[in-house]
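The exercises below are to be worked with the sequence and the model in view. Each task is followed by a solution in steps.

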Amino acid sequence: MLTVTWSCSQSADKKEKVEQPVQTKSESTDNESSEALDFDYQKFEIKNGQLGEIKVGMTISEAEQRFEGLRKEVGQATSYGFGGGSPAYLYYDKDDLAFGLIPTLGTDTLLIIIAASPKLKTTNELNPNSTIKNISDKYPNIKVNQDLMNGWEYISDTTNNWGFVFMTEEKTVGDYPELEVPSDLKNLDIKADWITIR
């Protein structure tokens, strides 16, 4: 999954570089009309239990009425560490994942929001790709936990119901000599892969 995410990011970066000069042409009014449908990241602040006006507990269809300008795909919640067979509704800005919505199993009720784009910001100015150093600056003395199901690591903000998720493998954020015991932070340059909002 990590390789796929990185390769998508790389191709998106290349695509942005190619498209950027076209967008800077002042003569085109077509670009202005197409930009009107662009997703406005500033209106989608990561808050306690919500992303902009999308709130945990509303239905997926209600949530989809709160935004436009993104392409929808359906994936699996297991790709984001949630079992049970729920779908993950994924919303893309061109080739880049902006966020995902995961409903409670067998319902249309939103349980988890996956904030993935680094253009999304939390109320304390972090983003889904913040480094451990950035996160520890906002949360002094915070610990990291390991998810025993998939080996990923996460840092929890229990006040805001956020989880910063790290799909680490060889190089980890913490050390875990004992199971289910949180660790101090050791590798401060590792970036989060996404933020879960509950």
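**Exercise 1. Surface, burial and confidence**

Task: State the accessible surface of the protein and the share of it that belongs to carbon and sulfur atoms, then assess burial and confidence.

Solution.
Step 1. The accessible surface comes to about 11,300 Å², and 49% of it belongs to carbon and sulfur atoms; such areas come from the Shrake-Rupley method with a 1.4 Å probe, and for residues only the protein chains shown count as cover.
Step 2. Of the 198 residues in the protein, 41% are buried (buried: under 20% relative accessible area; exposed: over 50%; partly exposed: in between; 1.4 Å probe, protein chains only).
Step 3. The model is predicted: local features need pLDDT of at least 70, side-chain atom pairs count only at pLDDT 80 or more, and totals for chains, interfaces and linings use all residues. Residues are numbered from 1 along each chain as its sequence is written, and side-chain values use heavy atoms, with hydrogens and water left out.
Step 4. The average pLDDT (the predictor's confidence in each residue, from 0 to 100) is 85, and 81% of the residues score at least 70.
Step 5. Over residues 1–36, pLDDT stays under 50, and the model has 15 contacts for them beyond four places in sequence (contact: heavy atoms within 4.5 Å).
Step 6. Among contacts between residues at least 6 apart in sequence, 52% join residues at least 24 apart.

**Exercise 2. The sheets**

Task: Determine the strand order of each open sheet and identify its edge strands.

Solution.
Step 1. The protein has four helices and eleven strands; these are DSSP runs numbered from the N terminus, helices being H or I of at least four residues and strands E of at least two.
Step 2. Strands of a sheet pair through backbone hydrogen bonds, either parallel or antiparallel. Here two strands pair if DSSP finds at least two bridges between them.
Step 3. One open sheet holds eight strands in the order 4-5-6-7-11-10-9-8, with antiparallel pairing. Strand 4 (71–76) and strand 8 (145–146) each have a single partner strand, so one side of each is left without a neighbour in the sheet.
Step 4. Another open sheet, of three strands, follows the order 1-2-3 and is also antiparallel. Its edge strands are strand 1 and strand 3 (54–55), each pairing on one side only.
Step 5. Two bridges join strand 1 to strand 2 (residues 50–51), where I46 stands opposite L51.

**Exercise 3. Strands 8, 9 and 10**

Task: Trace the pairing of strand 9 with strand 8 and with strand 10, and find the residues with positive phi in the hairpins.

Solution.
Step 1. Strand 8 and strand 9 are antiparallel over two bridges; N145 has Y154 as its bridge partner.
Step 2. Six residues lie between these strands in their hairpin, where G151 takes a positive phi near 85°.
Step 3. Strand 9 is joined to strand 10 (residues 162–166) by five bridges, again antiparallel; E153 is partnered by F166.
Step 4. The hairpin of strand 9 and strand 10 has four residues between the strands, and N161 there has a positive phi near 60°.
Step 5. The covered face of strand 9 (residues 153–157) carries E153, I155 and D157, while Y154 and S156 lie on the uncovered one.

**Exercise 4. The aromatic cluster and D93**

Task: Classify the ring pairs that F67 forms with F39 and with F99, and describe the surroundings of D93.

Solution.
Step 1. Rings of Phe, Tyr and Trp (its six-membered ring) pair if their centres lie within 6.5 Å; planes under 30 degrees apart count as stacked, over 60 as edge-to-face and the rest as tilted. The count comes to ten aromatic pairs.
Step 2. For F39 and F67, the centres are 6.4 Å apart and the planes are at 85°, an edge-to-face pair. F39 is in the loop between helix 2 (30–35) and strand 1 (46–47), and F67, 28 residues apart from it, is in the loop between helix 3 (60–64) and strand 4.
Step 3. F67 and F99 have ring centres 5.1 Å apart and planes at 85°, so this pair is edge-to-face. F99 is in strand 6, and 32 residues separate the partners; both F67 and F99 are buried.
Step 4. F99 also has a bridge partner, A115 in strand 7.
Step 5. One aromatic cluster is formed by F39, Y41, F44, F67, Y91 and F99.
Step 6. D93, in strand 5 (residues 87–93), is buried with a relative accessible area of 11%.
Step 7. The D93 side chain makes a polar contact of 2.8 Å with the side chain of Y41 (a pair of N or O atoms within 3.5 Å; within protein, one must be able to donate a hydrogen and the other to accept it, and residues adjacent in sequence count only if both atoms are side-chain atoms).
Step 8. Not counting residues up to four places away in sequence, D93 touches Y41, L70 and K119.
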